[in-house]
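Biologist: Before I trust any labels, I'd like to hear the reasoning behind them. Can we go through a few together?

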Amino acid sequence: MTSNQTVTTVTGPRRPGGPLSRSAERRGGELLSIGAVLAFLREDFPEVTISKIRFLEAEGLVEPQRTPSGYRKFGPADVERLAYVLRMQRDHYLPLRVIREHLDAIERGEQPPALPAPAEARPGPLEEADRELEAATGAGSGVRLGRAELLAAAGAEEADLAEWESYGLVAPGPDGGYDADALQIARLVAELGRFGLEPRHLRQVKAAAEREIALVDQVVAPLRRHRNPQTRVHAETTARELATLAVRLHATMVQAGLRGRV
């Protein structure tokens with residue numbers, strides 16, 4: 001059987017453990033290497049990696065066969081299960097524990113629990129943060145402030161802003177105006193300054209933010225390059241979610257570290 005025929009086989013029913021049972025697979029179903037499975041899944045899930053597939057196996061969500069030399073071999077039902085797991089994570093943000101419950105229900109021939117709304121239909125963590133920022137600043141994400149307006153809103157002097165800009169902490173847009181993010185940064189930098197922290201001290205914070213940005217870009221870059229417009233839109237949603245999680249992780253680690261010093 002050719003590889004093209006194999007793809008036709010596994011793209012049938014989009015539910016795990018479908019008509020091709022595991023016993024049927026073991027009797028003569030076409031088996032794929034982990035590399036072939038990766039190539040197939042990347043059509044719909046360009047962010048998936050071999051490490052991800054191995055992780056899902058370690059979590060017990062898929063159980064490929066093993067050759068005598070230890071190589072993994074995946075049957076059609078294994079590929080269906082992987083696609084189901086990835087879809088539930090991408091579209092519904094379900095944790096693996098809940099996805100496992102769905103798979104177990106399907107294996108028993110039962111209806112899995114009702115799914116939450118797709119991620120695009122409900123606000124993500126950063127959308128909530130945007131609303132908080134809007135309430136705090138009295139302006140939405142499309143706000144444009146002049147230099148004097150930014151200084152007044154941040155409670156800062158011209159010399160302060162010039163120094164912040166020299167360290168790359170705050171930057172105007174192409175039109176010379178400042179957006180809501182710049183205003184929030186200016187306010188936070190000004191507040192830290194009241195504790196004696198100068199812009200030169202905040203270079204490490206900026207460097208850490210740039211590393212987190214690079215990490216998020218690494219994850220979503222395949223999504224942004226995808227030919228499907230919906231996938232490219234999903235890339236921005238994913239980037240915002242990852243950014244929020246990274247910021248929360250950073251804040252929690254700092255708080256936990258300081259708590260041990262009290």
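**Helix crossings, a salt bridge and a pocket**

Modeller: Sure. This is a predicted model, and helices H3 (residues 34–41) and H4 are a handy place to start: their axes come within 10 Å and cross at roughly 110 degrees.

Biologist: Why are H3 and H4 called roughly perpendicular to each other?

Modeller: The label goes to angles of 65 to 115 degrees. The crossing is roughly 110 degrees, so H3 and H4 count as roughly perpendicular.

Biologist: And how do you know that H3 and H4 meet?

Modeller: Contact takes heavy atoms within 4.5 Å. Ile34, Val37, Leu38 and Leu41 in H3 meet Ile50, Ile53 and Arg54 in H4. By class, that contact has six nonpolar residues, no polar ones and one charged.

Biologist: H4 also packs on H5. What makes H4 roughly perpendicular to H5?

Modeller: H4 (residues 50–58) and H5 pack at about 100 degrees, their axes 11 Å apart. Since 65 to 115 degrees is the range for that label, H4 is roughly perpendicular to H5. Lys52, Ile53 and Leu56 of H4 make the contact with Leu82, Val85, Leu86 and Gln89 of H5. Five of these residues are nonpolar, one is polar and one is charged.

Biologist: Why are H8 and H9 described as roughly perpendicular to each other?

Modeller: The axes of H8 (residues 147–154) and H9 (residues 158–166) cross at roughly 100 degrees and come within 10 Å. The limits are 65 to 115 degrees, and therefore H8 and H9 get the roughly perpendicular label. On the H8 side, the contact has Arg147, Leu150 and Leu151; on the H9 side, Glu158, Leu161, Ala162 and Glu165. By class, the contact of H8 with H9 divides into four nonpolar, no polar and three charged residues.

Biologist: Let's turn to charges. What makes arginine 97 and glutamate 101 a salt bridge?

Modeller: The cut-off is a side-chain nitrogen of Lys or Arg within 4 Å of a carboxyl oxygen of Asp or Glu. Arginine 97 and glutamate 101 come in at 3.5 Å, N to O, so the pair qualifies under that cut-off. Both lie in H6 (residues 96–107), four residues apart, about one turn of the helix. Across the whole structure, the search finds 13 salt bridges.

Biologist: Now the second largest pocket: how much space lies in it?

Modeller: About 580 Å³. The pocket is lined by 21 residues, and Glu47, Lys52, Val219, Thr238 and Leu242 are the closest to its centre. Helices H5 (76–92), H11 (203–224) and H12 (229–259) each give two or more residues to the lining.

Biologist: Which helix gives the most to that lining?

Modeller: H12, with five residues. By class, the pocket's lining has 11 nonpolar, five polar and five charged residues.

How values were computed. Residues are numbered from 1 along each chain as its sequence is written. This is a predicted model: local features need pLDDT of at least 70, side-chain atom pairs count only at pLDDT 80 or more; totals for chains, interfaces and linings use all residues. Side-chain values use heavy atoms; hydrogens and water are left out. Axes are lines fitted to C-alpha atoms, for helices over the stretch in contact, and angles run from 0 to 180 degrees between N-to-C directions. Angles under 35 degrees count as roughly parallel, over 145 as roughly antiparallel, 65 to 115 as roughly perpendicular and the rest as oblique. Ala, Val, Leu, Ile, Met, Phe, Trp, Tyr, Cys and Pro count as nonpolar, Asp, Glu, Lys and Arg as charged, and the others, Gly among them, as polar. On a 1 Å grid over the protein atoms alone, a cavity is a set of points where a 1.4 Å probe fits but cannot get out, and a pocket is an open set with protein on both sides within 12 Å along at least five of seven lines; lining residues have an atom within 4 Å of a point. Grid points are joined across faces, edges and corners, and a volume is the space filled by probe spheres set on the points.
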